[in-house]
Amino acid sequence: MSTEQPPPPPDEPLVPPREAASRALSLVQLGRAADAVTLVEQGLVAPGVRLEDKPPLRYAAAVSHHALGNHEQQILAADACLAAGRRLEQPGWMANARCLRAMAEIRTDRVDAALRDLARAEYDLARTDDPGLASWAHNGLGYCYLELRLYELAIPHLEDATPIDNPVEAPAASVIHYVNLAEVHQRWADEIERAAPEEADGEDVRRNRDTSNAYARRAVEEARRLENPHLVAMARSLELVTRPPALADASVEELRSVWEDPDHTEHTGGRPTVGSALARALWRTGRREEALEVAQEAARLSEDAADWQITANARWLLTEMAHEAGIEGAAAGRAYGLTLSRVLWRQRLATLHGALSAREVESLQHEMSRAQQAATSDPLTGVANRRALETVLGRVGSGPQDGPTSLLLVDLDGFKRVNDEHGHQVGDEVLRAVATAISETARREDLVVRFGGDEFVIVATHTDATAAATLAERVRLAVSSVRVPVAGDDGPFVGVTASVGTRTTGPDLAVEDLVAAADRAMYAVKQTREGS
């Protein structure tokens, strides 16, 4: 008897798009990024895929390409995620997309572009009200800043990333959260020690190493709770290599067992890092000959590491040991290594200054944009004001080559009665609801203006008189459907109707005369309705 399941109906995808994104991220964590790319591609062409499914799928694609080292493909996927986020008006996805693009830019030495993307991601994050997307954006920003060695900026974001709020379910998120925090503190301590060896036992290094090990222990606990052997191995290796020097003697055999494990995978706390930690522990416990052998092997293995800091740490430790052991030529090597480390530290500080400057520039640009928007927006309804109307009409040509421009003037019937009977607060709510109804009825490219009091204007470019009349009727119906509660959501409700006048540019009507002509047309409509 066959045990195969019947195939799904042809109109159903093998994996629902939302589930495809989650599964793809899990595959990346398992080292199967190529399979993740295939899964995402299937999800993007699956029947029934919706616009809201695309940001998580594009995000998963970018993460998969990042794991594969396909930086240009990563940027393309991040751009697609950004575009989908814009269409959905979800700044959370926009922030996450910018982080993934910045990561690819960092890996391809486009640091200035990365800093601009990170500054914009910070702005998008500030506008995000989805806790899951905000958590991921914090994590993405922290990861990027860690890659740039900007520990001061990375740590606050990594601390604010809460794995409980997860927009795309990824089982290992909680473990990765603690691993990232452990790694950033460990790397900060390592870099201080390389640039200033005299601070190896100083307060900053000790504090960072203690904090790193505390987070690593939490990662181990979480991995064991999830009963995931791969995650347990990763977290346990990290916990071992972040142990403070005082525990070196007790850690030797545990480090040796991980170092000699033939199934040891390359991850945070990989073989070069574990080897360096074992060599350091052996050295501190007096087994210097064995320590040098392990340090030499760790340095050799580190040459193939994708992360240059792993190589730097392994080579620096070997140099320090050789110098302390009095090996010929080691002093010159140590002096060169120290000079290089200090140059890199100064470069780090310059990048930090660049990141802070990019933040300030981005903030200033958005403040100017908000100020400009405030100057051209009606504070009550949020639509444009008369200043914006004048600007737009000043740019519209009246010649035949520009096409016709129509202007609709909308006047609310009986609005004074609403204020008199129900008060100005209810009247304001009616105006806001009417502005929303008109904006939703107009086209995206049309300008909706609160002209004053209870009058609104719509400027519709490339719109002839027939199309303007159709739009006017749609606006009239939309306004008549507005219902605003007078006292609570249970009613009663109040509404208004509207008279709409339209005029269109042509040989006998210039742009500058549109408003007055539409105003006359509106009054003609109002008088006709009142007389009927």
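Let us start at asparagine 385, which, leaving aside its neighbours within four places in sequence, is in contact with Ala375, Thr376, Ser377, Asp378, Val449 and Arg450. Please keep in mind as we go that this is a predicted model. Asparagine 385 sits in the loop between α16 and α17 (386-395). Its relative accessible area is 15%, so asparagine 385 is buried, the cut-off being under 20%. Two polar contacts involve its side chain. In one, the side chain of asparagine 385 reaches the backbone oxygen of alanine 375 at 2.9 Å. In the other, a polar atom of that side chain lies 3.2 Å from the backbone nitrogen of arginine 387.

Now for the sheet. Four strands make up an open sheet, and their order is β2-β3-β1-β6, with antiparallel pairing. At the edges are β2 (447-452) and β6, each of which pairs on one side only. Neighbouring strands of this sheet are turned against each other by 25° on average, direction ignored. As general background, strands of a sheet pair through backbone hydrogen bonds, either parallel or antiparallel.

A good strand to follow is β1. It is joined to β3 by seven bridges and to β6 by eight bridges, and β1 and β6 run antiparallel. A few pairs help you to find the register. On the β3 side, serine 406 has alanine 460 as its bridge partner, and aspartate 411 stands opposite glutamate 455. On the β6 side, aspartate 413 has threonine 497 as its bridge partner.

How many of the nine residues of β1 are buried? Nine of the nine are, so the strand is mostly covered. In a regular strand the side chains alternate between the two faces of the sheet. You can trace this here: Thr405, Leu407, Leu409, Asp411 and Asp413 point one way from β1, Ser406, Leu408, Val410 and Leu412 point the other way, and all are buried.

Next comes a helix that meets this sheet. Helix α20 lies across β1, β3 and β6, and runs at about 165° to β6. Does its length fit a helix that is regular or irregular in its rise? With 16 residues (465-480) at 1.5 Å a residue, α20 should span 22 Å, and its end C-alpha atoms are 22 Å apart, which agrees. At the N-terminal end of α20, aspartate 464 acts as a cap: one of its side-chain oxygens lies 3.3 Å from the backbone nitrogen of threonine 466.Which residues of α20 are buried? They are Ala468, Leu471, Ala472, Val475, Ala478 and Val479. These residues cover an arc of only 125° around the axis, which puts them on the same side of α20. The general reason is that an α-helix has 3.6 residues a turn, so residues three or four places apart point the same way. What covers the buried residues of α20 includes β1 (405-413), α19 (424-441), β3 (455-461) and β6 (497-504).

Elsewhere in the chain, glutamate 191 deserves a visit. This residue belongs to helix α9 (residues 173-195). Is glutamate 191 buried or exposed? Glutamate 191 has a relative accessible area of 2%, which means that it is buried. Its side chain is joined to that of arginine 149 by a polar contact of 2.7 Å. Not counting residues up to four places away in sequence, glutamate 191 touches Arg149, Tyr151, Gln309, Leu344, Trp345 and Arg348.

Isoleucine 327 lies in the loop between α15 (308-324) and α16 (330-375). With 41% relative accessibility, isoleucine 327 counts as partly exposed. Residues up to four places away in sequence again left out, isoleucine 327 touches Leu292 and Ala322.

We finish with two loop residues and their backbone angles. Most residues other than glycine have a negative phi. Aspartate 109, however, has a positive phi, near 60°. Aspartate 109 is placed in the loop between α5 (91-107) and α6 (111-126), and at 68% relative accessibility it counts as exposed. Glutamate 227 has a positive phi too, of about 55°, although it is not a glycine. The loop that holds glutamate 227 runs between α10 (203-226) and α11 (229-241). With a relative accessible area of 71%, glutamate 227 is exposed.

How values were computed:
Residues are numbered from 1 along each chain as its sequence is written. This is a predicted model: local features need pLDDT of at least 70, side-chain atom pairs count only at pLDDT 80 or more; totals for chains, interfaces and linings use all residues. Side-chain values use heavy atoms; hydrogens and water are left out. The expected span of a helix is 1.5 Å times one less than its number of residues. Buried means under 20% relative accessible area, exposed over 50%, partly exposed in between (1.4 Å probe, protein chains only). The arc is that of the directions from the helix axis to the C-beta atoms. Contact means heavy atoms within 4.5 Å. Two strands pair if DSSP finds at least two bridges between them. Axes are lines fitted to C-alpha atoms, for helices over the stretch in contact, and angles run from 0 to 180 degrees between N-to-C directions. A polar contact is a pair of N or O atoms within 3.5 Å; within protein, one must be able to donate a hydrogen and the other to accept it, and residues adjacent in sequence count only if both atoms are side-chain atoms.
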